[in-house]
Amino acid sequence: MHNPANIFQTMINKVTNKLQRVVHVPARGKRKGSVLISYITDTFTLFPWEYKTDPHSNYWESAEMARLFSVRGYDVDIINAREHVFIPKKPYVACIDIQQDLERLSKYLPASCKKAVHIDNPYYAEYNEREKARLTAINKRRGTSITPKRQVAPTQSVAIADFLEGFGNENVLKTFERFGKPMFPVPISVVQEFPFPENKDFAAARKHFLYFGGGGAILKGLDLAIEAFAGMPDLTLHILGPAAHEPDFAEEYEKELALPNIIRYTRPKIDQEGRITVGGRDISEVFNACGAIIYPSSAEGTSGAVIQSCHGGLVPIVTPQTGLNENLGAIVMENPTVESVRQAARGFSMMPEGEIKEKARQVWNYVRSHHTKKAFSEAYGRFIDDILKL
């Protein structure tokens, strides 16, 4: 039986999101004030029987951020960070933004408002330069002209913020050090947890590799992975995510994507039960076929796709820029090239199956302890409590 109050609030949010570009989560218990979150509004306009099919953890995280303020007695207004239209008119106690809109919003916020940036990527200037550098490299290597996909508009939001919180390892967080702001690390959550695959055939799986990531194929190193595996017909690359379907990228790599050892899947989705599926099949089928996720990205906050794969029992072969904690136990590629990606994959394929299984277990244990919805909630709750005391 669905809660009538939740249904009513969703009806209101559908209207206010359309007309005023804002949704609302009311305070629970005694009201202490109002908070503004500039992030994602989609999840607040879904009835209990509706659901998002995009398997990204940020939909749940945005809702959880609002809930955590709400249970502490704060009304929460949520706006879409990329729309830049909402004008604040309340004396907000705090404002959380994802580097996109705080500079504009700050003009309307009271001086007492505690302003924070939620880190989901490196500092925008660094992020943009990393994509440009990868594009320069591929265009020189292949004589092509693939265009940028992930450039972010310049903003002074980080400089304006009082606090920084969110995802990333030392590589990510150091891009913000120049601002001297207090930082509150928060671990990215995960969409779905899996038991460790005790009966997996690791001997067979060590010759199969997963690439799983979001849009921006060049920024995230899909070109390097494809070119590396095009020269290793005895090893297989399984590709999940939208990057391989970007028109100019798919056209440039049409020949390689047709190779029998490079398999491109349809985009993963979440079904009504909250399970991640690929072409209607449970994603665990892909996880169980592969021994490692190979992801030579040049810019992430923390890759949710890699964390999800680690929950599925895969060993991560990644760059420091993927944002994984240094204690997770990943195989790290510094300054990846086509050849170094090839060497990393080849080396993994020759590891003893017992060693691979133990490494996969080590990684699985780490993410089960550090990257769950519970871990996110606890860390974000501490952040809220800390800033509201200051």
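This passage describes the pockets, the cavity, the aromatic contacts and two backbone details of the structure, which is a predicted model.

The open spaces make a good starting point. The largest pocket encloses about 1,100 Å³ of space. Its lining comprises 48 residues, and those closest to the pocket centre are His-56, Asn-58, Arg-150, Gly-214 and Lys-220. Three helices, H2 (58-70), H4 (124-142) and H12 (304-311), are each represented in this lining by at least two residues. Sorted by class, the lining of the largest pocket contains 20 nonpolar, 19 polar and 9 charged residues.

The second largest pocket holds about 950 Å³ of space. Its walls are made by 36 residues, with Thr-43, Phe-44, Leu-46, Trp-60 and Ala-63 lying nearest the centre. Helix H1 (4-19), strand E1 (23-25) and H2 are the elements that contribute two or more residues here, and H2 gives the most, with 7 residues. Helix H2 thus supplies residues to the linings of both the largest pocket and the second largest pocket. The class count for the second largest pocket is 16 nonpolar, 12 polar and 8 charged residues.

Enclosed space is considered next. The structure holds 1 cavity of 30 Å³ or more, and the volume of the largest cavity is about 40 Å³. Among the residues that line this cavity are Glu-131, Leu-135, Lys-149, Glu-246 and Asp-248, along with Ile-146, Ile-218 and Phe-249. Helices H4 and H9 (247-252) are the elements that provide two or more residues of the cavity lining. Helix H4 therefore appears again, having at least two residues in the lining of the largest pocket as well. By class, 6 nonpolar, 2 polar and 4 charged residues surround the cavity.

Aromatic side chains offer another view of the fold. The count of aromatic pairs comes to 18. One of them joins Phe-209 and Phe-348 in an edge-to-face arrangement, with 5.6 Å from centre to centre and 65° between the planes. Because Phe-209 belongs to strand E8 (residues 208-212) and Phe-348 to helix H13 (residues 338-349), this pair ties together parts that are 139 residues apart in sequence. Both Phe-209 and Phe-348 are buried. Elsewhere, Trp-60, Phe-163, Phe-167, Phe-184, Phe-376, Tyr-380 and Phe-383 come together in one aromatic cluster. Trp-60 from this cluster is also one of the residues that lie nearest the centre of the second largest pocket. A ring takes part in a contact with a charge as well: the charged end of Arg-142 sits over the ring of Tyr-253, 4.1 Å from the ring centre.

Finally, two backbone positions deserve a look. Most residues other than glycine have a negative phi. His-84, which is not a glycine, has a positive phi of about 60°. This histidine is found in the loop between strand E3 (74-80) and strand E4 (94-97). With a relative accessible area of 37%, His-84 is partly exposed. Asn-335 likewise has a positive phi, near 45°. Its place is in the loop between strand E16 (331-332) and H13, the helix that also carries Phe-348. Asn-335 counts as exposed, at 65% relative accessibility.

Note on methods: Residues numbered from 1 in each chain as written. Predicted model: local features only at pLDDT ≥ 70, side-chain atom pairs only at ≥ 80, totals over all residues. Heavy atoms only, no water. Phe/Tyr/Trp six-rings, centres within 6.5 Å; stacked < 30°, edge-to-face > 60°. Helix = DSSP H or I, 4+ residues; strand = E, 2+ residues; numbered from the N terminus. Buried < 20%, exposed > 50% of the residue type's maximum accessible area, 1.4 Å probe, protein only. Lys NZ or Arg CZ within 6 Å of the ring centre and 35° of its normal. 1 Å grid on protein atoms, 1.4 Å probe; cavity = no way out; pocket = protein on both sides within 12 Å on 5 of 7 lines; lining within 4 Å. Points joined across faces, edges and corners; volume = space filled by probe spheres on them. Nonpolar A, V, L, I, M, F, W, Y, C, P; charged D, E, K, R; others polar.
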